[in-house]
Amino acid sequence: MRHPLVMGNWKLNGNKQMTTDLIEGLRQALSGVEGCGVAIAPPAIYLAQAKDAIADSSIALGAQNVDVNLSGAFTGETSAEMLKDIGAKYIIIGHSERRTYHKESDEFIAKKFAVLKEAGLVPVLCIGETEAENEAGKTEEVCARQLDAVLESQGAAAFNDAVIAYEPVWAIGTGKSATPDQAQAVHKFIRDHIAKKDAAVAQQVIIQYGGSVNDKNAAELFTQPDIDGALVGGASLKADAFAVIVNAAAAAKKG
C-alpha cells in the first residue's frame, strides 16, 4: 500500500531566522497528521539547523542535490555520505533547474541515483517535459527516456524504496499546472512503463506531482489514483499553505 509523500523544495531561499520560523510553523500545523509522509529540503547550508529543528517530529529531512563522488578534490560539492551523516533521507535529483542550468544529462542523473541507493538514501527523481516538448506531443517520449537512464543501467529493482516526481517543466514556477486528468495520464504512463520491467516495483513506487502545486489545486490532484503526493516549490515556504497540501494528501488517501 503506497502512502503519499509531500516534500517541500525550498530551492535558493531562506536564512537562519526563516528556517527556525518556518519549521516551528510546520510543527504546529502538522501535528496529528497521519497517512502522509512529510519532508523538507532546505538549502544545504541550513541542513544541520533544520535537522535539529525537526527533531522528535514527523517531518523528514531532504536535500536538493548530491554529487556523484564520495570524497576527494571536488570543491563545492556534497556527497551522499555527508548527506546521510547529517541526517537527510530524501535527496532530489534531476530537477529541471539542474538539467537546464547545470546541463546535467540523463546518464549523469542516473549515476546520482545509483550513488544514493548505495548509501541507503531515497532518491527523488524528477522527470518531465518542456513546453515545446509538450506541444509537440513528446511528453511520454521524454519521460520514458529519463526513466530508462535508470532502468537500463540499474534495473527496475532500483525503484524499490525510491520516489519519482513528475514535474512538467512548463508548470514549474509559472503558475500553470497540469489538470488533474492530464497529470494522472502521465503518472499512469510512468507506472505502466516501469511495470513493463517489474509490475510489483511499479505498484509500490511513489510518484509525486510537481509544478505550481498550491493549497488551492492540491486536493483535486490527489484524488487521482496514481498521484502519490507532491513535490512543492513556492508554497512550501509558507507553513499554512504547505500544511493544507499535506492534509489534502492525507485526506485523499483515507478516502
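## Strand 1 and its partners

Let's start with a pairing: strand 1 is joined to strand 2 (residues 37-41) by five bridges, and the two run parallel. Within this pair, Val6 has Val38 of strand 2 as its bridge partner. To get from strand 1 to strand 2, the chain passes through helix 1 (residues 16-30), and this β-α-β crossover is right-handed. Keep in mind as you browse that this is a predicted model.

Strand 1 also pairs with strand 8 (residues 229-232), again in the parallel sense, over four bridges. Here Gly8 of strand 1 meets its bridge partner Val232 in strand 8.

## Two covered faces

How many residues of strand 1 (residues 5-9) are buried? Five of its five are, so the strand is mostly covered by the cut-off of under 20% relative accessible area.

In a regular strand, side chains alternate between the two faces of the sheet. In strand 1, one side carries Leu5, Met7 and Asn9, while Val6 and Gly8 lie on the other, and all of these are buried.

## The nonpolar cores

Val6 turns up once more in the interior. The largest nonpolar core has 74 residues, and Val6 is among those with the most contacts inside it, together with Leu125, Phe159, Ile164, Ile190, Tyr209 and Phe222. Helix 11 (residues 239-254) is the top contributor to this core, giving nine residues.

There is also a second, separate core, made of 14 residues. Val122, Val124, Ala165 and Ile206 are included in this second core. As a general backdrop, nonpolar side chains tend to be buried together in soluble globular proteins.

Methods. Residues are numbered from 1 along each chain as its sequence is written. This is a predicted model: local features need pLDDT of at least 70, side-chain atom pairs count only at pLDDT 80 or more; totals for chains, interfaces and linings use all residues. Side-chain values use heavy atoms; hydrogens and water are left out. Buried means under 20% relative accessible area, exposed over 50%, partly exposed in between (1.4 Å probe, protein chains only). Two strands pair if DSSP finds at least two bridges between them. A crossover is right-handed if, with the strands pointing away from the viewer, the path from the first strand over the helix to the second runs clockwise. A nonpolar core is a set of buried Ala, Val, Leu, Ile, Met, Phe, Trp, Tyr and Cys residues joined through side-chain atoms within 4.5 Å.
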